[in-house]
Amino acid sequence: MAARPAHATARPFGRYGSPEHRRTPQTLYVDPHGRGDFTTVQAAVTAATGSGRTLVLAPGVYRETVAVDTTRTEATWIGATENPRDVVIVYDNAAGTPKPGGGTYGTTGSATTTVQADGFTARWITFANDWLRADHPDISGTQAVALKVQGDRSAFHHCRFLGHQDTLYADSTALGVFARQYFAHCYAEGDVDFVFGRATAVYEGCHFRILDRTDLAAAPYGFVLAPSTANANPYGYLVSRSRISGEAPQASYKLARPWVPSSDTTARPSLVVRDSWLGPGIDAVAPYTDMSDAFPWQSQRFAEYRNSGPGAAITVPGNRPQLTAEQAGSATREACLGDWTPWKEC
């Protein structure tokens, strides 16, 4: 983790005020060293009842799990230094981690941070899950979520999402709820399905980093995207003007595979990757694969448009469905997000 910047001691909340000079009556200050209203993020969330509350987070590593329920709408979290490396919310539960009361956490329960409320915005924060397979060879449930976000109109600007399997869970609160989410200039890393879920999610100007693995003898090492879009939802995941890179060997990762969960066998995952750079770690010959033989990727809604880089080379056209220019005109952030325009707040 990055060290705290030198100026943090004198002004832990940067230009965002302090408990003595509160930015607004709705603003709360969090600092693990005791210079704010609270020392943990969850304590501040618990106190921030109602709608429209702002949390300003001082530099530090917040080792805790955090949950924002549906009643705490229109919340904003700000990393005070405006550098996401300085503010890290991290924990280390996995799906197979035993719970104190019995059983295991499961994928959803493994999340370091869970946000269910509508209208949530985060800026300059790192959300992480540092559970490692190598440290727990006895655990087979290796999903370990850094962030599960379910609310509509959820926006993340200049944030980082760190983990291995199932890092960023962009989802909704229920099958019939079409939650819109926006990720701008964010960074996500992982290996297996590390960006997944059924939200309508736009990833714009983002960097997806695929991790090298030494525990596997052969490719594929993993899968970047695994949408699980409901059949009735016209829009799933849109990746635009982004890049995929990493240190993994050439062609060792799949770009995506469709997730059709047992809770919704009618799902028809939707993904468009456009105007993006795909590094050599992506298998250009066969960039997609099936998660289940019963739901082949060719039957889903996967397409690309004007991508570049070695991982985007079209060597087998049948394996790389491409949008026409006319179709691409409907694969935009405006179409996906409707009357919500979070990019104007960047």
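Here are some notes on the sheet, the hollows and the cysteines of this structure.

1. First, keep in mind that this is a predicted model. Everything below is computed from its atoms, so to speak of a feature here is to speak of a feature of the prediction.

2. Let's begin with the sheet. Seven strands make up an open sheet, and they run in the order β4-β7-β10-β13-β16-β19-β22, with parallel pairing. Look for the two ends: β4 (66–68) and β22 (253–256) are the edge strands, and each of them pairs on one side only. If you compare neighbouring strands in this sheet, they are turned by 10° against each other on average, ignoring direction.

3. Now zoom in on one pair from that sheet. Strand β10 covers residues 147–149 and strand β13 covers residues 168–170, and the two pair in the parallel sense over 3 bridges. Which residue of β13 is the bridge partner of L147? It's L168.

4. Stay with β13 for a moment, as A170 lies in this strand. Is A170 buried or exposed? It counts as buried, because its relative accessibility is 0%. For a sense of distance, pick out S18 as well: A170 and S18 are 152 residues apart along the chain, and their C-alpha atoms are separated by 32 Å.

5. Next, the closed hollows. How many cavities of 30 Å³ or more does a search of the whole structure find? There are 2. The largest has a volume of about 70 Å³. Its lining is made by V45, A48, G50, R53, L55, V68, R72, T73, A75 and W77. Sorted by class, that lining has 6 nonpolar, 2 polar and 2 charged residues.

6. The second largest cavity has a volume of about 30 Å³. You can find it by selecting its lining: F161, L168, F183, C186, Y187, A188, Y203, C206, H207 and F208. Two elements, β15 (187–190) and β18 (207–210), give two or more residues to this lining. Its make-up is 9 nonpolar, 1 polar and no charged residues. You've already met L168, the bridge partner of L147, and here L168 turns up in the lining too.

7. Two cysteines, C186 and C206, are in that same list of lining residues, so it's fair to ask about disulfides. A disulfide is a covalent bond between the sulfur atoms of two cysteines. How many disulfides does the structure hold? The count is 0. For C186, the closest cysteine sulfur is the one in C206, 4.8 Å away, which is too far for a bond; the cut-off used is 2.5 Å. C186 itself is buried, with a relative accessible area of 5%.

8. What about C336? Its closest cysteine sulfur is also in C206, but at 14 Å, so that is too far for a bond. C336 is buried as well, with a relative accessible area of 9%.

9. Last, the open hollows. The largest pocket has a volume of about 270 Å³. It is lined by 16 residues, and P234, Y235, S270, V272 and A331 are the ones nearest its centre. The elements giving two or more residues to the lining are β20 (237–240), β23 (270–274) and β25 (301–305). By class, the lining of this pocket splits into 11 nonpolar, 4 polar and 1 charged.

Conventions. Residues are numbered from 1 along each chain as its sequence is written. This is a predicted model: local features need pLDDT of at least 70, side-chain atom pairs count only at pLDDT 80 or more; totals for chains, interfaces and linings use all residues. Side-chain values use heavy atoms; hydrogens and water are left out. On a 1 Å grid over the protein atoms alone, a cavity is a set of points where a 1.4 Å probe fits but cannot get out, and a pocket is an open set with protein on both sides within 12 Å along at least five of seven lines; lining residues have an atom within 4 Å of a point. Grid points are joined across faces, edges and corners, and a volume is the space filled by probe spheres set on the points. Ala, Val, Leu, Ile, Met, Phe, Trp, Tyr, Cys and Pro count as nonpolar, Asp, Glu, Lys and Arg as charged, and the others, Gly among them, as polar. Helices (H or I, at least four residues) and strands (E, at least two) are DSSP runs, numbered from the N terminus. Buried means under 20% relative accessible area, exposed over 50%, partly exposed in between (1.4 Å probe, protein chains only). Two strands pair if DSSP finds at least two bridges between them. Axes are lines fitted to C-alpha atoms, for helices over the stretch in contact, and angles run from 0 to 180 degrees between N-to-C directions.
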